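Proteins are not solid all the way through. Let's take a friendly tour of the empty spaces in this one, and stop at a single residue along the way.

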Amino acid sequence: MRKLFAFLVIMLPLMLIVYSCSESTTPLETINTDDEQLEKGGWYHGSAGNIVVANRSSGSISVIDTKIDEVTGTYQLPAGPNNPEPMYVVFDKRRQRAFVGDRANNQVVVFRATDFSVETTIPVGQGVFHMWADKLGKQLWVNNDIDNTTSVIDLGSLQVIATVPTPADLVSMGGKPHDVFLGPFGRLAYISVVGVSGASDYVVQFNTRTFQETGRSAVGKDPHLSIPLISRFLYVPCQNSDAVYVLNRFNMNIVETIPAPGAHGAIMTTNGKYFYTTNLPGGGTNGLYAINTRNNQVLGSTNTPYPVPHNVAVNNSSRKLYLTHSGGTSDKVTVYKITNHNPVPVYLKEITVELNPFGLAFAR
């Protein structure tokens, strides 16, 4: 009995920690940690790695070395019935693979991150757009806005394991699946549905085991999605409503609305302290906004040297931010310095890639 009691004394705190980190309908408090603590804990691994950029009009990906901020390789997507049209990039760290959605050929291309050779292609639905994977490397969700479905890919087997229909009532009102984001533990998925008639678009919550809808929220128009590290909050920049909606991602209630002109692209720092969104229609003026996730206050904005600031990514240390400037003739990615003490982006340089840089992701 004494041995059992001693065992429970040791194990109970550990069991509570594990339980608190599981994704459920129990709200979790946002965990915010200092940069210094993250470094001491081994969270940061320097600036080594790559930013992989999908060049939508060139049918290629550009690989940027984040140490020197220069393109070290450009790789064509495999030929198909149509000219390849790369859209977004997702990186699976566990298996060192980069996934690139090819809209024109209804497939996802799998690149080996070691040399960016093509491993395979995965057929999905028509109209490939946003994609996202959970941090545990279990599932990749791919939105198909022509079919009005979402293809779910098992990241281990590289097989489509489910095709999730967009809610029929929203489709009947003109809605299409657009952005998608998975919770950090991969038990909940969120899909933004755009083009819905009326004053609101929607964010729909799904269970990743049953693939059934478990909740929804009416938000602003043209919503995109992001979640801080281990948080109960979902950040939803809504471009055509000039605001970032903050939702409780478990019960889908609106917690707060933050004014932000043209809010479109979305990225969190690794520690979840700061959220960045782009002012896509602003022509470069106040092209990047920084928001403190502790109090949901706008910290400031930065002008960008080119128009159509679209999608954003940060390097592993969250000390640099990378921004694509999209458009048929555009070929620029711009780089910014961000720090814990000065989170408002400071322009560093531009990088020339191929045409119409669209989605991008950090790969290491």
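What follows starts with the whole chain, moves on to its spaces and ends with one asparagine.

Keep in mind that this is a predicted model. The chain has 364 residues, and 57% of them are buried. Its secondary structure comes to three helices and 27 strands. If you take the contacts between residues at least 6 apart in sequence, 46% of them join residues at least 24 apart. As for the outside, the accessible surface is about 14,900 Å², and carbon and sulfur atoms account for 54% of that.

Now for the gaps. Rolling a probe the size of a water molecule over the atoms shows where empty space is left. In this chain, the count of cavities of 30 Å³ or more comes to two. There is also a largest pocket to look at. Here are that pocket and the second largest cavity in a table:

| Space | Volume | Nonpolar lining residues | Polar lining residues | Charged lining residues |
|---|---|---|---|---|
| Largest pocket | about 1,400 Å³ | 29 residues | 14 residues | seven residues |
| Second largest cavity | about 30 Å³ | seven residues | two residues | no residues |

Let's take the largest pocket first. Its lining has 50 residues, and those nearest its centre are Phe91, Trp132, Lys135, Ile267 and Phe362. Six strands give two or more residues each to this lining: β4 (86-92), β8 (128-133), β12 (176-182), β19 (263-268), β23 (309-314) and β27 (357-363).

Which residues line the second largest cavity? They are Thr150, Val164, Pro165, Thr166, Pro167, Ile191, Val193, Val204 and Phe206. Three strands, β11 (159-165), β13 (188-194) and β14 (201-207), each supply at least two residues of that lining. None of the lining residues here is charged.

Last stop: Asn271, which you will find in the loop between β19 and β20 (274-279). Is Asn271 buried or exposed? Asn271 counts as buried because its relative accessibility is 3%, and the cut-off for buried is under 20%. What does the side chain of Asn271 reach? One partner is the backbone nitrogen of Lys273, at 3.0 Å. The side chain of Asn271 also makes a polar contact with the side chain of Thr269, at 2.9 Å. So when you look at the loop after β19, try finding Asn271 there.

Note on methods: Residues are numbered from 1 along each chain as its sequence is written. This is a predicted model: local features need pLDDT of at least 70, side-chain atom pairs count only at pLDDT 80 or more; totals for chains, interfaces and linings use all residues. Side-chain values use heavy atoms; hydrogens and water are left out. On a 1 Å grid over the protein atoms alone, a cavity is a set of points where a 1.4 Å probe fits but cannot get out, and a pocket is an open set with protein on both sides within 12 Å along at least five of seven lines; lining residues have an atom within 4 Å of a point. Grid points are joined across faces, edges and corners, and a volume is the space filled by probe spheres set on the points. Helices (H or I, at least four residues) and strands (E, at least two) are DSSP runs, numbered from the N terminus. Ala, Val, Leu, Ile, Met, Phe, Trp, Tyr, Cys and Pro count as nonpolar, Asp, Glu, Lys and Arg as charged, and the others, Gly among them, as polar. Buried means under 20% relative accessible area, exposed over 50%, partly exposed in between (1.4 Å probe, protein chains only). Contact means heavy atoms within 4.5 Å. Accessible areas come from the Shrake-Rupley method with a 1.4 Å probe; for residues, only the protein chains shown count as cover. A polar contact is a pair of N or O atoms within 3.5 Å; within protein, one must be able to donate a hydrogen and the other to accept it, and residues adjacent in sequence count only if both atoms are side-chain atoms.
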